[in-house]
Amino acid sequence: MLPRGRPRALGAAALLLLLLLLGFLLFGGDLGVSAASGAGEPGPRDASPARSCHVSPRREAAESRRPRRRPGAGPGDHNRSDCGPPPPRPSKCELLHVAIVCAGHNSSRDVITLVKSMLFYRKNPLHLHLVTDAVARNILEMLFHTWMVPAVRVSFYNADELKSQVSWIPNKHYSGLYGLMKLVLPSALPTELAHVIVLDTDVTFASDISELWALFAHFSDTQAIGLVENQSDWYLGNLWKNHRPWPALGRGFNTGVILLRLDRLRQAGWEQMWRLTARRELLTLPATSLADQDIFNAVIKEHPGLVQPLPCVWNVQLSDHTLAERCYSVASDLKVIHWNSPKKLQVKNKHVEFFRNFYLTFLEYDGNLLRRELFGCPSQPPPGAEQLQQALAQLNEEDPCFEFRQQQLTVHRVHVTFLPHEPPPPRPHDVTLVAQLSMDRLQMLEALCRHWPGPMSLALYLTDAEAQQFLRFIEASPVLAARQDVAYHVVYREGPLYPVNQLRNVALAQALTPYVFLSDIDFLPAYSLYDYLRASIEQLGLGSQRKAALVVPAFETLHYRFSFPHSKVELLALLDVGALYTFRNMSSWCCLRPSPSICPMLQAWTSPASAPAPPIVTASRPSRMNSTRTCPATMGLLPSNTSRPCSSPRAPPETEAEAGWALPLVLALGRHQGNPACPPPSLLFKLFKVSGKGWGGASVGWGLPLAAIVWLGSGLPLRQPVWGWFPHLQSFIPFS
């Protein structure tokens, strides 16, 4: 006879057994793991990182009922995030190889954003293999040389030499021939290179690239290509009526991110393989629609054993018909974002704002902050880095000029031809206007483009964020957007000082004409000055002289808005000419209507009204002098018949020099042979003095001529501040 409480205990035990049996049937016998992971938290035995991502409980429960497979092993796993055990990371100092095809100005800017995102997260040394055209190489070679990022090597490959291998393939994709060049990487890259990650220029990393490199460990003995499944229905052929895509395995694969086992592809005869497949498909298809991606998919359809599917988070595709939400809605974190729509950041997607903000973070990120060492990984320093560090170490912080000496040693990142640029056709006497500016002078660009129809080379001192503002400014201006002969070169800001000579030398080095005209950004040349200078050079035969000079008169106004004069009389009426200051034997005179004997420099500028307009009018910054003395004649307040000294002859020279409203500016027009150059400072002084016929110099009154030097010789790049605004004239020009 059973005790009274025994039936209840047996009933509870039977219920428990029934529940256990039901759980066994539902979860396939893996009760411990399913119970722990189904709640979204690892159990005590699962505290070690057995999973590389977390998904929603509903998805987790559904996944747990499926048979366990290696990540990416079957078609159902192509578009899933990798929730299996993470592959082993590469060793701390293992060199990772990355290949990118890049051509043109716009693509070069995209590469910089991609590289920023890689450098931000990376923990390994990188070797970038860049397949470029001549334009991109000129840009990126200068950029990486001046960026000086530790533990980053860059090798360039000439894309023009590879064109013949793919030019026979008709391609409707906007990338053109360069979009097919990933097909020839196994033969183009060095034979000793066995592994490489291949990237499109429009991808952005959100994780350490070494995690992607680690996925090579998942390859079987026969697999040679790692790809993420295409996240749209493109290759299913149901996007629109009569849509006929290239053959693909299932949804196909996207080639924005590729892992290539180059050694295995070479052994398998990759070049012959893709060529035969492409020729066969082109018998029935008119052209490729998605460039190399179509051919990769056709080869994989025929040889499925070549491909290793990668987790979807390594290529989240934001195309027009994307199904990427199926991936990122269940993944805990994204690894790579791919803007694979022609609309790029303007693509239609309900979550595009999130992805756009992530991209803009790196677009405007200060690249100077990425010059950080990989501690514990010895690597060869960038060229010149050791000498630079030694020079910086020798500086004395107690030196009053420490900040200037430090700035002198600073290597600024330089991005030449920041925007698309068409070089001018070669002309024997052509002249390029060269100037430099910062963000606060952008408003001068439109007026300058209207006044100077010839080529220009402009250096801009900007931060990474300001460079993007400048880009938007150009795109929004019909005047500036239409000028393809203006080359803009961005020198990225670093330090508190303005490196005027480095900016000028950058713009000089990129001038492509035989002559250069150095100007300040506030100067507006006469509409006819470009043609006048070219004609003068030809008529005077200055091209055959190594050292010659032209003097270009310049006039100043403090008004930014005015009607540009078309004659000298209009100019004088506009400026309300006051007085000219000249310095001879430390004394000065002013004159409202100067005679040639008193003011010889004005003789040529007081000719009849029919004479052409003066070459230059400058809309000037306010005077940087702090003098409390003013001259009534300087302000146009003296009677018209007045001619008397503006100050006592006993006044010290320094005071006299500060009495004017403006000081001389120097403009240089230089013979451009090989390395563009300016004359040494002493020669500039000599030319200036000779131009005044023994006259020491001039501090200019309200609206009167400034001295401008036009240089036609060759010499050394500017290394001293030989022109600009000078607080004391006699410190600039030696007196006789």
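Which residue forms a disulfide with Cys312, and how far apart are their sulfur atoms? In this predicted model, the partner of Cys312 is Cys327, and the two sulfur atoms lie 2.0 Å apart. The torsion about the S-S bond of this pair is about 85°, so the disulfide is right-handed. Cys312 sits in the loop between β8 (307-310) and β9 (316-317), while Cys327 belongs to helix α12 (residues 325-328), so the bond ties together parts that are 15 residues apart in sequence.

**The other disulfide**

The structure holds 2 disulfides, and besides the pair just described there is a link between Cys93 and Cys377, whose sulfur atoms are 2.2 Å apart. This link is left-handed, with -95° about the S-S bond. It joins distant parts of the chain, 284 residues apart, with Cys93 placed in the loop between α3 (57-64) and β1 (96-102) and Cys377 in the loop between α13 (352-363) and α14 (385-393).

**Accessibility of the cysteines**

The relative accessible areas of the four bonded cysteines, together with those of Cys102 and Cys449, are set out below.

| Residue | Relative accessible area | Class |
|---|---|---|
| Cys93 | 35% | partly exposed |
| Cys377 | 8% | buried |
| Cys312 | 0% | buried |
| Cys327 | 1% | buried |
| Cys102 | 1% | buried |
| Cys449 | 7% | buried |

Within the link of Cys93 and Cys377, Cys93 is partly exposed at 35%, whereas Cys377 is buried at 8%. In the pair of Cys312 and Cys327, Cys312 is buried with a relative accessible area of 0%, and Cys327 is likewise buried, with a value of 1%.

**Packing of α10 and α11**

Two packed helices are described by the angle between their axes and by the distance between those axes. For helix α10 (residues 270-281) and helix α11 (residues 292-302), the packing angle is about 100° and the axes are 9 Å apart. Because angles of 65 to 115 degrees count as roughly perpendicular, α10 and α11 are therefore roughly perpendicular to each other.

On the α10 side, the contact is made by Trp270, Met273, Trp274, Thr277, Ala278, Arg280 and Glu281, which meet Ile295, Phe296, Ala298, Val299 and Glu302 of α11. Sorted by class, this contact of α10 with α11 comprises 8 nonpolar, 1 polar and 3 charged residues.

Terms used
Residues are numbered from 1 along each chain as its sequence is written. This is a predicted model: local features need pLDDT of at least 70, side-chain atom pairs count only at pLDDT 80 or more; totals for chains, interfaces and linings use all residues. Side-chain values use heavy atoms; hydrogens and water are left out. Axes are lines fitted to C-alpha atoms, for helices over the stretch in contact, and angles run from 0 to 180 degrees between N-to-C directions. Helices (H or I, at least four residues) and strands (E, at least two) are DSSP runs, numbered from the N terminus. Angles under 35 degrees count as roughly parallel, over 145 as roughly antiparallel, 65 to 115 as roughly perpendicular and the rest as oblique. Contact means heavy atoms within 4.5 Å. Ala, Val, Leu, Ile, Met, Phe, Trp, Tyr, Cys and Pro count as nonpolar, Asp, Glu, Lys and Arg as charged, and the others, Gly among them, as polar. A disulfide is a pair of cysteine sulfur atoms within 2.5 Å. Buried means under 20% relative accessible area, exposed over 50%, partly exposed in between (1.4 Å probe, protein chains only).
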